[in-house]
Amino acid sequence: MKKDFAILGIESTCDETSAALLIGGRQLASNVIYSQIEEHKKYHGVVPELASRAHAAKIATVINEALGGHDIDCVAFAHGPGLPGGLMVGRVAAQTLANFKKVPILGVNHLEGHLFACEFEDGEVKNPLTFPLVALIVSGGHTELWYVKGYGNYKVLGRTRDDAAGEAFDKVAKLLGLAYPGGPQVSAQALQGRRDAVDFPRPLLPGTWDFSFSGIKTAVSYYLRDHKNVSVPDVCASFEQAVCETLVKKTMLAAEKYKVKHIAVGGGVAANSLLRELMCAEGKKHGIEVRFVPRKMSSDNAAMIALAAYKKLQYAGPNALEKKWNININPNLRVKNWGK
Ligand code: KG4
Ligand code: ZN
């Protein structure tokens with residue numbers, strides 16, 4: 001690939017409409033993000049139909065702004081997992097642009113984007129991941145644990161069987177009358193609360209690497225039903241502690257089992273301060289380097305999609321650009337090895 005190879009990334013899997021321009025796999029020329037939070041706020045969660053409409057309304061403007069008149073060599077878009085309507089908007093926009101510019105088009109897994117976002121720092125790709133590592137991808141739609149041997153070389157160890165961790169934060173926020181998205185709200189309340197006030201369950205599901213967070217959420221709803229004059233900060237602090245301890249424990253167990261010295265954590269929930277604190281403390285104890293995605297890059301954005309595409313082109317073998325990369329959308333897309 002030439003030194004200034006320019007990739008335009010497009011992200012529209014959930015409730016952010018984003019486009020970014022990555023030059024030479026290193027320099028982020030733009031990362032335009034239109035957040036739909038205002039549209040979804042009053043429903044305490046993402047309404048798929050509203051999300052599709054907002055993507056359709058904003059995508060052209062966002063792409064135009066990200067391009068800034070620059071030439072491009074490739075268009076990449078997140079082709080799953082995500083909400084079908086949003087994915088279709090992303091695909092149509094990407095195909096139109098790629099055809100117009102006569103450049104190749106590439107479908108990228110949104111969750112791989114969350115992992116590679118860990119390499120950004122101050123608008124540049126500065127910190128290459130060190131393999132092998134265990135990755136925790138933890139967001140509003142997903143909670144997955146991977147053993148990663150190298151770029152595009154994955155073994156999915158486990159995933160949530162019900163709610164994603166971020167979804168649990170959002171649902172608990174709703175139960176407590178806090179605003180959407182719930183993660184930052186619950187976390188802010190938790191700062192004033194006691195973490196041992198309520199003993200919420202830590203669902204470790206021994207013998208598997210899977211997660212399950214709907215039980216903690218249900219325990220919170222029963223607690224609220226059965227108690228009068230509850231302290232919102234205490235409930236938030238105890239809930240956050242239960243979720244974060246569970247995430248840290250399983251990730252550390254996986255790191256030990258697979259004998260890795262590196263852990264990478266990406267996705268919206270990776271912005272959580274308690275998760276960062278607990279994971280880093282455990283990492284220190286076990287001599288494991290823990291890498292968190294920079295907070296600014298933790299939630300959905302197209303820079304991570306452009307970077308995932310660049311890595312794919314770089315590491316997927318000779319003639320990677322000429323390969324017929326799958327550009328069909330897949331709302332339930334699973335992470336796959338690039339060789340296959
Ligand atoms: O990665 P993301 O932007 O979108 C998905 O791909 O799902 O993640 C959004 C999720 C929301 O559920 C939000 O509540 C959660 O990340 N989140 C947090 C924090 N900031 C965002 N959860 C806990 N603590 C936070 N500080
Ligand atoms: Zn995401």
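This section describes helix packing, the surroundings of ligand 1 and backbone geometry in a predicted model.

Three helix pairs are considered, beginning with helix 8, which takes part in two of them. Helix 8 spans residues 232-257, and helix 6 spans residues 182-190. The axes of helix 6 and helix 8 are 7 Å apart, and the two helices pack at an angle of about 110 degrees. Because angles of 65 to 115 degrees count as roughly perpendicular, helix 6 and helix 8 are described as roughly perpendicular to each other. Their crossing is left-handed. On the side of helix 6, the contact involves Val186, Ser187, Gln189 and Ala190. These residues meet Val232, Pro233, Cys236, Ala237, Phe239 and Glu240 of helix 8. By class, the residues of the contact of helix 6 with helix 8 comprise 7 nonpolar, 2 polar and 1 charged.

Helix 8 also packs against helix 9, which covers residues 273-286. Here the angle is about 30 degrees and the axes are 9 Å apart. Since angles under 35 degrees count as roughly parallel, helix 8 is roughly parallel to helix 9. The crossing of helix 8 with helix 9 is right-handed. Helix 8 contributes Glu240, Gln241, Cys244, Glu245, Leu247, Val248, Thr251, Met252 and Glu256 to this contact. The residues contributed by helix 9 are Leu274, Leu275, Leu278, Met279, Glu282, Gly283 and His286. The contact of helix 8 with helix 9 contains 8 nonpolar, 4 polar and 4 charged residues. Glu240 of helix 8 appears both in the contact with helix 6 and in the contact with helix 9.

The third pair consists of helix 5 (residues 165-175) and helix 7 (residues 214-226). Their axes come within 10 Å and cross at roughly 10 degrees; helix 5 and helix 7 are therefore roughly parallel to each other. Lys171, Val172 and Leu175 of helix 5 form the contact with Lys217, Val220, Ser221 and Leu224 of helix 7. In the contact of helix 5 with helix 7, 4 residues are nonpolar, 1 is polar and 2 are charged.

Ligand 1 is surrounded by 20 residues, of which Gly140, Asp170, Gly183, Gly268 and Asn272 come nearest. Oxygen atoms of ligand 1 take part in polar contacts with both backbone and side-chain atoms of the protein. A backbone N or O atom of glycine 183 is placed 3.0 Å from an oxygen atom of the ligand. For aspartate 300, the corresponding distance from a backbone N or O atom to an oxygen atom of ligand 1 is 3.1 Å. Serine 139 contributes through its side chain, in which an N or O atom is 3.4 Å from an oxygen atom of ligand 1.

Backbone geometry was also examined. Most residues other than glycine have a negative phi, and most peptide bonds are trans. Against this background, the peptide bond from phenylalanine 131 to proline 132 is cis, with omega near -5 degrees. Proline 132 is located in the loop between strand 7 (124-125) and strand 8 (133-138). Tyrosine 180 and proline 181 are likewise joined by a cis peptide bond, with omega about -5 degrees. Proline 181 lies in the loop between helix 5 and helix 6. Aspartate 122, although not a glycine, has a positive phi of about 50 degrees. The loop that holds aspartate 122 runs between strand 6 (120-121) and strand 7.

Terms used. Residues are numbered from 1 along each chain as its sequence is written. Chains are lettered from A and ligands numbered from 1 in the order in which they are written. This is a predicted model: local features need pLDDT of at least 70, side-chain atom pairs count only at pLDDT 80 or more; totals for chains, interfaces and linings use all residues. Side-chain values use heavy atoms; hydrogens and water are left out. Axes are lines fitted to C-alpha atoms, for helices over the stretch in contact, and angles run from 0 to 180 degrees between N-to-C directions. Helices (H or I, at least four residues) and strands (E, at least two) are DSSP runs, numbered from the N terminus. Angles under 35 degrees count as roughly parallel, over 145 as roughly antiparallel, 65 to 115 as roughly perpendicular and the rest as oblique. A crossing is left-handed if the near helix is turned anticlockwise from the far one by less than a right angle, and right-handed if clockwise. Contact means heavy atoms within 4.5 Å. Ala, Val, Leu, Ile, Met, Phe, Trp, Tyr, Cys and Pro count as nonpolar, Asp, Glu, Lys and Arg as charged, and the others, Gly among them, as polar. A residue is near a molecule or strand if one of its heavy atoms lies within 4 Å of it. A polar contact is a pair of N or O atoms within 3.5 Å; within protein, one must be able to donate a hydrogen and the other to accept it, and residues adjacent in sequence count only if both atoms are side-chain atoms.
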